[in-house]
Amino acid sequence: MKRRDFIGRVALGSGTVVSTSLLGMSSPTRENQKKVEIHESGKKFQADLIIAGAGLGGCAAAFAAMRNGLTVVLTEETDWLGGQLSQQGVPPDEHQWIETHGAPELYREFRENVRAYYRRHYPLTAEAAANERLNPGNGSVSRLCHEPKVAHRVLEEMFAPYESARKILILKDHKVKSAAVNSNRVSELTARDLKSGRDCVLTGSYFVDATELGELLPLTGTEYVTGSEAKADTGELHAGPVLRPDNNQAFTVCFAMDYVKGEDWTIPQPEDYDYWKNFRPQMDPPWAGKMLELNYSNPRNLEPKELGFHPEGIKTGENLNLMLYRRILHQDNFEAGFYQGDATIVNWPQNDYVSGNIIDVSEAEFDKHVQAGKQQSLSLLYWLQTEAPRPDGGKGWPGLRLRNDMMGTADGLAKYPYVRESRRIKSKFTVLEEHVGAEQRAQVSGLSGEKLRSAPFFDSVGIGYYHIDLHPSSGGDNYIDFGSLPFQIPLGALIPQKTENLLPANKNIGTTHITNGCYRLHPVEWSIGEAVGMLVPFVLDREVLPASVRSDRSLLKDFQVFLHNQGVETEWPDKN
């Protein structure tokens, strides 16, 4: 059976996929008997699709491509899969409809696999085990707050049959160092094993940049932008007055901690503690005070706002208790006495790193800022252990314990900084604030109330929702945070203007600094990756370029049907 026949049957809903799961492999055909090819004793690998970066977008692209008969090589700079959800330690930021719609079915299947992992391996209470919408940590930020290591392990389980069938080769601890390009087409990548120092060459028909910082873009000569655009160029209400390419959102070095009452787990005083203890970020409008204090600038109005902290989960007046915000293990969900205390992820305003830019800088400059970010996070932990105000008038919570086991690192900090902003391709179409921002959309559409909708994109390949949320920046901006509307993901934002066989699958799509603020979250990144992973087999089958799918309405309609029949939504329902 030719690939065209296979894709056509899936698109027509004929049941070619054996499993009811969208992860399921296709039925046996000559086409999907293919394996990743290994040449020159492991110095060269060949597959249909080469993906750099095993974050959620990269993983989703791999799953979508493989279930449609393609072979994949997937590289990952760390030894964990899952990107912001695992190696960066951030529980999923999701919209309120995520349990039923608003993301691909495979993303929701992944979420259910996380819950199933806890049911299989953890001593849940009977009530928690029976809860269809189990939230292991009962954190307030997400309906599925869970340990970073569990996200990684679930993704490994999902990849396991493909790996053993050699449909995919996952190269962990590998970083792409160079690329060969001919006439706007990428022909190969060279990746380095970060442990051994050995290089290997990766060849394929298509390449996907799912790295956290859009690292393939400069390597392949793909045109891109960075930082914040000028209002005169984009017309966006919340854009700044001038172009600032080095003005990017803060990154954060996250960590996990729990609380063991009556014990002392105080870490040695960090080397730069005195600096961070007294650090006052310079921002416009001004920050609330020192960074290591229980307050911050309210994102909505930038006025000082008090925060609370009590590691036993006790209410802290009207202020948010930060311990509960990203709590990933709540003792009430588990057998009595199994855990000594609740565990939480520390991804707070207090450890957002605003003191330098890490995009388009040297490796030495990147490492310098990441190390400083680690010192900031360790200083925050030490401050919490020794100086944070307690309700009884005392200072510090020495029972706070750094949980390196949950992060998979020796130092207890995340394997990679939580990156909010990347290089962004110059694309066939760029998403602007007027398309998705509630206030500007109302201005340009003349609609309001229940009739107000985001801009409809004829080439939609997915949907998502999150408010526009920009953290303080390396250029001195305070929060930029305002309402958006449930939006679509336009195919035009996934297609570079010139490079023909490279596609983005992370925060590197055609958005602006402003609209990146709502397209950067977990389910949206997965949606982008899944659309890209389905686009590649589609264009290979039709023998066309990705740009042709957008310009040819007949092809586009076929592709959107292809998406729909594999569980990808391209429109929001009239009423959510």
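Two strands pair, in my notes, if DSSP finds at least two bridges between them. Helices (H or I, at least four residues) and strands (E, at least two) are DSSP runs, numbered from the N terminus.

**Ground rules.** I am working on a predicted model, where local features need pLDDT of at least 70, side-chain atom pairs count only at pLDDT 80 or more, and totals for chains, interfaces and linings use all residues. Residues are numbered from 1 along each chain as its sequence is written, and side-chain values use heavy atoms, with hydrogens and water left out.

**Entry 1, the five-stranded sheet.** I looked up the strand order and got S1-S2-S8-S7-S6, an open sheet with mixed pairing. Its edge strands are S1 (37–39) and S6 (174–182), each pairing on one side only. Neighbouring strands here are turned by 25° against each other on average, direction ignored; for such angles, axes are lines fitted to C-alpha atoms (for helices, over the stretch in contact), and angles run from 0 to 180 degrees between N-to-C directions. Inside the sheet I checked S7 (residues 185–193) against S8 (residues 199–203): they are antiparallel, with five bridges. One residue I wanted there was cysteine 200 in S8, and it turns out to be the bridge partner of alanine 191.

**Entry 2, cysteines.** How many disulfides does the model have? The count is zero, taking a disulfide as a pair of cysteine sulfur atoms within 2.5 Å. Cysteine 200 is in none, and the nearest cysteine sulfur, in cysteine 59, sits 18 Å away. I also tried cysteine 254: its closest cysteine sulfur is that of cysteine 145, 12 Å off, so the two are too far apart for a bond. Note to self: a disulfide is a covalent bond between the sulfur atoms of two cysteines.

Then I asked about burial, where buried means under 20% relative accessible area, exposed over 50%, and partly exposed in between (1.4 Å probe, protein chains only). Cysteine 200 has 5% relative accessibility, so it goes down as buried. Cysteine 254 has 0%, so it is buried as well.

**Entry 3, the four-stranded sheet.** This open sheet runs S15-S16-S12-S18 with antiparallel pairing. S15 (327–329) and S18 (400–402) are the edge strands, and each pairs on one side only. The average turn between neighbouring strands is 35°, direction ignored. I zoomed in on S12 (residues 255–259) and S16 (residues 343–346), which are antiparallel over four bridges. Alanine 256 stands opposite isoleucine 345 in S16.

**Entry 4, strand S9.** I went through S9 (residues 206–209) side chain by side chain. Tyr206 and Val208 point one way, Phe207 and Asp209 the other, and all are buried. S9 pairs with S3 (residues 49–52) in the parallel sense over four bridges, and with S24 (residues 502–504), also parallel, over three. Where does valine 208 find its bridge partner in S24? That partner is leucine 503. Towards S3, valine 208 is the bridge partner of isoleucine 51.

**Entry 5, nonpolar cores.** My rule for a core is a set of buried Ala, Val, Leu, Ile, Met, Phe, Trp, Tyr and Cys residues joined through side-chain atoms within 4.5 Å. The largest one has 96 residues, with Phe63, Phe159 and Tyr519 making the most contacts inside it. Helix H15 (residues 522–542) supplies the largest share of this core, 10 residues. Another core lies apart from it and has 45 residues, including Trp287 and Val419. Back at phenylalanine 63, I listed its contacts (heavy atoms within 4.5 Å). Leaving out residues up to four places away in sequence, phenylalanine 63 touches Leu23, Leu106, Leu155, Met158, Phe159, Tyr162 and Trp526.

**Entry 6, aspartate 481.** Aspartate 481 is in strand S22 (residues 480–482). Buried or exposed? At 11% relative accessibility, aspartate 481 counts as buried. I then looked for polar contacts, meaning a pair of N or O atoms within 3.5 Å; within protein, one must be able to donate a hydrogen and the other to accept it, and residues adjacent in sequence count only if both atoms are side-chain atoms. The side chain of aspartate 481 makes one of 2.5 Å with that of arginine 300, and one of 3.4 Å with that of histidine 467. Beyond four places in sequence, the residues aspartate 481 touches include Pro299, Ile468 and Asp469.

**Entry 7, alanine 129.** Alanine 129 lies in helix H4 (residues 126–130). At 34% relative accessible area, alanine 129 is partly exposed.
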